Amino acid sequence: MEYAIIGEKLGHSFSKEIYTKYFCMDYGVKELKPEEVDTFMTQKNFKGINVTIPYKQAVIRYLDEISDVAKKIGAVNVIVNDNGKLKGYNTDFLGLKSNIEHAGINLQGKNVLILGDGGTTKNAYAVAETLGAKSIQKVSREKKSDTITYEEAKKMPETQVIINTTPVGMYPKIDGNLIDLDDFPALEGIFDAVYNPLCTKLVTEAKKRGITACGGLYMLVSQAIFAVEKFMDKECPQEKAQGIFKDIYKSKENIVLIGMPGSGKTTVGKILAEKLGREFIDTDDIIESENGDIRDIFEKSGESGFRKIETDVIKRVSALQGKVIATGGGAVLKQENIDFLKLNGRVYFLDRPLEKLVATPDRPLSSDRQSLEKRYNERYSIYCDTCDKKINSSETAEGTADIILEDFKS
């Protein structure tokens, strides 16, 4: 292993995929406990490393040289071993700046809150300064000389841009969130440095409110290109970032199918999975494999008991990436379920006309025609409001799958 990323917990990392697939590097992932950092850095058994949470500042003491940018920011995320001499750089600054600009978030003359107080926070502060922010305030759990607390942040309704540099909301704890966006009525933009899931809870909450928001995947890709320049000591065109970003995003994004029972979610989902070489997941199948027949669950625990089980399953599958997921007909009844599914997924509503839906006795809430029609009328507007794309599924399953594929790939 010539190159690697080091950090304490790296189960969320896409770095190995990026460097091996797009730059053909001998690259690995190295999780280090705090007490292991000294041995790793002094042995120097690497040509180059990326550094992530929580070691961006801790590694500085081992460096023979440090770039002016890294020195000013006080954080290092790239180290090159030049014949035993360790040289430290900061490519996160340029990557973060590129991501914010790529997302169209304007910091010029804005009041900015930065969540966190680590190495990435220092980059975010420098980027906000560079992009002309009017005011910049760092927020941490405990008040420090240069930070305010989250309780104090709530009293800053004039905040226009929020940057999250903490790992809160990162896989596997995908339901984490530090703030309530209702406390910030002037909010215009949100950038979250977390990239797994693709859209954190913070980002999805912002999008529901019509606020420009994005996760940190473009930053990861952009800084990687700058890092490769340091590793290889040659120019690497930044234009590659957009193509790599799109490729990775699509490979990680789930296709999520919602709709009435009998709308074709399972059949269409299996066709899509086969065409894309992906795993197909049916949330109802998981529920039954773990809890028994759905009709029995309804009889024993009622609809509320079933919905609780359903949400637990949806939360778990939503944390996965690159899947095709079919949901139960009533999954959309809880906004929480949709929020989970959108962390990593694009949601398609299979809109099959009522006259083509068939009631079957194995569906507790739509076992006869009358109850089927009632459910349809109750849910139709919810399907429309929660989906990213409505698909007419009145034709063949193959044709419906092709329509979804065309949209997804575009």
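What should the 16 residues of helix H8 (residues 217-232) span at 1.5 Å a residue, and how far apart are the end C-alpha atoms of the helix? In this predicted model, the expected span of H8 is 22 Å, and the end C-alpha atoms lie 22 Å apart, so that the two values agree. Helix H8 is for the most part covered, since 13 of its 16 residues are classed as buried under the cut-off of 20% relative accessible area.

The packing of H8 against helix H9 (240-252) was examined next. The description of two packed helices rests on the angle between their axes together with the distance between those axes. For H8 and H9 the angle is about 135°, and the axes are 9 Å apart. Helix H8 is therefore oblique to H9, because an angle of about 135° falls neither between 65 and 115 degrees, as a roughly perpendicular pair would, nor over 145 degrees, as a roughly antiparallel pair would. The crossing in which H8 passes H9 is right-handed. On the side of H8, the contact is formed by Leu217, Tyr218, Val221, Ser222 and Ile225, and on the side of H9 by Lys240, Ala241, Gln242, Ile244, Phe245, Ile248 and Tyr249. Taken by residue class, the contact of H8 with H9 comprises nine nonpolar residues, two polar residues and one charged residue.

The residue that follows H8 is Asp233, which is placed in the loop between H8 and H9. Although Asp233 is not a glycine, its phi is positive, at about 55°. Asp233 has a relative accessible area of 71%, and because this value is over 50%, the residue counts as exposed. A positive phi, near 60°, is also found at Lys44, again a residue other than glycine, in the loop between helix H2 (37-43) and strand S3 (48-51). The relative accessible area of Lys44 is 29%, so this residue is partly exposed, its value lying between the cut-offs of 20% and 50%.

Cis peptide bonds were also considered. One joins Tyr171 and Pro172, with omega at about 10°, and Pro172 belongs to the loop between strand S10 (161-164) and strand S11 (189-192). A cis bond likewise leads from Asn196 to Pro197, where omega is near 15°, and Pro197 is located in the loop that runs between S11 and helix H7 (201-208).

Note on methods. Residues are numbered from 1 along each chain as its sequence is written. This is a predicted model: local features need pLDDT of at least 70, side-chain atom pairs count only at pLDDT 80 or more; totals for chains, interfaces and linings use all residues. Side-chain values use heavy atoms; hydrogens and water are left out. Helices (H or I, at least four residues) and strands (E, at least two) are DSSP runs, numbered from the N terminus. The expected span of a helix is 1.5 Å times one less than its number of residues. Buried means under 20% relative accessible area, exposed over 50%, partly exposed in between (1.4 Å probe, protein chains only). Axes are lines fitted to C-alpha atoms, for helices over the stretch in contact, and angles run from 0 to 180 degrees between N-to-C directions. Angles under 35 degrees count as roughly parallel, over 145 as roughly antiparallel, 65 to 115 as roughly perpendicular and the rest as oblique. A crossing is left-handed if the near helix is turned anticlockwise from the far one by less than a right angle, and right-handed if clockwise. Contact means heavy atoms within 4.5 Å. Ala, Val, Leu, Ile, Met, Phe, Trp, Tyr, Cys and Pro count as nonpolar, Asp, Glu, Lys and Arg as charged, and the others, Gly among them, as polar.
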